[in-house]
Structures are given as C-alpha cells and as structure tokens.
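Me: I am new to this structure and should like to learn how to read its features. May we go through them one at a time?

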Amino acid sequence: MAGLARVLVHVRCGGAGGPARFGQRPSFCPAKRLGEQPELALPAELRGRGVAAGVAVLLQASTGRVLLTRRAGTLSIFPNVWVPPGGHVEPDEELLDVGLRELEEETGLRLEAGTFSWRMLGLWESIYPPMLSWGLPRRHHIVTYLLLLSTESHERLEARMCPSESEVSAYAWLEPPVLEAIAATEDGAEGLGNGPSTLPATVGITELSNGSSSTTQLPTSTFLNTAPAEGEDVERVSTGTKFALRLWLESLGERG
C-alpha cells in the first residue's frame with residue numbers, strides 16, 4: 001500500500017502541471033458491479049491482495065506523435081492490448097521515476113534530464129478482467145497517467161528503442177488524428193464517438209519476434225475496437241488509455 005499512498009499524496013498536492021483528474025473508472029467497472037451484486041462477493045484470497053499502484057506514460061515526441069505499445073500475448077493481464085509503457089510503483093519511488101524506469105525497461109528508451117517536460121494527467125481505476133462477464137477480478141490497480149513531452153522527434157527516439165519482447169509485441173508512433181479517433185471510442189457504449197471523419201485505412205507499426213523487428217501495416221479499425229461485453233477479448237486500445245488520451249487532447253487545448 002506504500003506505493004498507493006504515495007500516489008494519493010502526490011495527487012492531492014497537485015503534482016507537476018497542476019491538478020489531475022482524480023479517480024475515474026469505466027461505467028462497467030467490476031468494483032461498482034460487485035457492490036450492486038453482493039452475491040458475487042470476491043473470495044478471501046482475492047480480497048486480501050488489495051489495490052496496487054501503477055504509473056503509465058504518454059510519451060509525445062516533438063513531431064506530435066505519441067508512443068503506444070502492444071502488450072505481449074504471454075502476459076497474464078491485458079495480453080495483446082495497446083497501452084502506453086508503464087508498471088508498478090515500488091516502495092519509496094517517485095511517480096516520474098517509475099514512469100521513466102518502466103519506459104526504459106519496456107522500450108529501451110532512456111530520457112535524459114533537460115530533454116523533456118512532464119505533467120500529471122489523471123488517475124484511473126483498472127481491474128482485470130475488466131468485465132464481470134469475463135470472470136471475477138484478479139488484479140486491481142490505481143494507475144497514474146503522466147504526459148512526457150520530449151524535445152526529440154519520434155524518428156530520433158525510435159532509433160534508440162530496443163523493446164523487451166517479454167513485455168512488448170509491437171509498438172507504434174501514432175499521429176494526432178488517429179489518437180483523437182481512439183479517444184472518441186468508448187468501451188461499453190454503442191457506436192463510435194465524434195472523432196475525425198477521415199482516417200488512413202492502415203497505420204504503420206513495428207512488430208517484434210525472436211529478437212528481430214519488422215514494420216507492417218495494421219488496420220486503423222483495430223485501434224478503434226472496443227472491449228466486447230461477452231466472449232474473448234480482442235486487440236484494442238485499453239479503456240484507461242482512451243481516458244488518458246482524452247485528457248491529453250484537453251491538455252493540447254490548454255497549451256494551444
């Protein structure tokens with residue numbers, strides 16, 4: 001709980017860049033549904049696990065593109081789902097230090113002091129599985145989303161990347177119109193939101209396999225998939241990431 005307490009203290013004190021959006025969660029959040037359906041109470045071993053703290057970073061290059069990674073298919077939580085780099089808060093770690101450490105561990109990117117600025121975007125309650133129709137929750141996190149604004153182009157940043165295949169199966173530097181369209185989709189809602197009307201049919205991504213990387217095209221529609229209410233999950237952008245992208249778009253307006 002030390003990491004979670006540190007997150008809450010940091011947010012209440014404002015953090016870098018002013019106040020963050022506090023404590024958001026999806027409408028279909030299992031924690032909310034469990035409260036409404038006491039017959040679905042968690043087993044004691046799950047209740048005792050508690051809530052962990054995490055940090056995820058939206059890295060924006062000077063060219064305006066933002067880095068997203070596809071989680072490895074072998075991971076036990078959210079496999080094959082697109083997210084920003086991120087991970088757990090260790091005892092006594094500051095939030096920015098967590099974000100920079102996870103960015104380096106997952107992508108090989110080390111950001112030196114003076115080459116970026118940052119701000120806190122908001123907090124998100126993340127539970128896996130994300131819907132009760134997929135089973136009772138096994139993991140519960142409060143994730144702090146940070147925005148890192150690099151002074152380097154995405155081409156220069158990508159040239160230094162060396163992603164960890166144990167955590168990342170692909171990555172993409174996405175352009176603002178695609179990111180805006182992703183942010184406009186809402187899991188648990190019917191249809192798409194009010195995103196850009198014209199988008200490219202495909203998006204360039206870099207896939208990783210057996211120690212090598214290759215560029216390929218992924219249908220843009222994959223990034224616009226929503227979490228299915230029933231059945232197996234699909235390749236998509238996580239609900240928390242969509243929340244963070246909406247806050248990122250708001251920050252663009254504030255900076256503009």
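Me: Is Asp-233 buried, exposed or partly exposed, and how does one decide which?

Reply: The model is a predicted one. Asp-233 has a relative accessible area of 27%, and it is partly exposed because that value falls between the limits of 20% and 50%. Its side chain meets that of Arg-236 in a salt bridge, with 2.8 Å from N to O. Arg-236 is buried, its relative accessible area being 1%.

Me: What allows two such side chains to pair?

Reply: Side chains of opposite charge can pair when their charged atoms come close. In this structure there are 13 salt bridges. One of them joins Glu-152 to Arg-160, whose closest N and O atoms are 2.8 Å apart. Glu-152 is buried at 11% relative accessible area, whereas Arg-160 is partly exposed at 36%.

Me: Which parts of the chain does the salt bridge between Glu-175 and Arg-65 tie together?

Reply: These two side chains meet at 3.5 Å, N to O. Glu-175 belongs to the loop between strand S8 (168-174) and helix H6 (176-184), and Arg-65 to the loop between S2 and S3, so the pair ties together parts 110 residues apart in sequence. Glu-175 is partly exposed, with 41% relative accessibility, and Arg-65 is likewise partly exposed, with 25%.

Me: Which residues are linked in a network of salt bridges?

Reply: Such a network links Glu-93, Arg-101, Glu-102 and Glu-105.

Me: Let us turn to empty space. How much of it lies in the largest pocket?

Reply: Rolling a probe the size of a water molecule over the atoms shows where empty space is left. In this model, the largest pocket holds about 740 Å³ of space.

Me: How many residues line the largest pocket, and which lie nearest its centre?

Reply: The lining consists of 38 residues, and those nearest the centre are Arg-71, Ile-77, Phe-78, Ser-126 and Val-143. By kind, the lining comprises 19 nonpolar, eleven polar and eight charged residues.

Me: Which strands and helices each supply at least two residues of that lining?

Reply: The strands are S2 (52-60), S3 (66-71), S5 (86-88), S6 (116-128) and S7 (139-150), and the helices are H4 (95-107) and H8 (239-255). The largest share comes from S6, with five residues.

Terms used: Residues numbered from 1 in each chain as written. Predicted model: local features only at pLDDT ≥ 70, side-chain atom pairs only at ≥ 80, totals over all residues. Heavy atoms only, no water. 1 Å grid on protein atoms, 1.4 Å probe; cavity = no way out; pocket = protein on both sides within 12 Å on 5 of 7 lines; lining within 4 Å. Points joined across faces, edges and corners; volume = space filled by probe spheres on them. Helix = DSSP H or I, 4+ residues; strand = E, 2+ residues; numbered from the N terminus. Nonpolar A, V, L, I, M, F, W, Y, C, P; charged D, E, K, R; others polar. Salt bridge = Lys/Arg side-chain N within 4 Å of Asp/Glu carboxyl O. Buried < 20%, exposed > 50% of the residue type's maximum accessible area, 1.4 Å probe, protein only.
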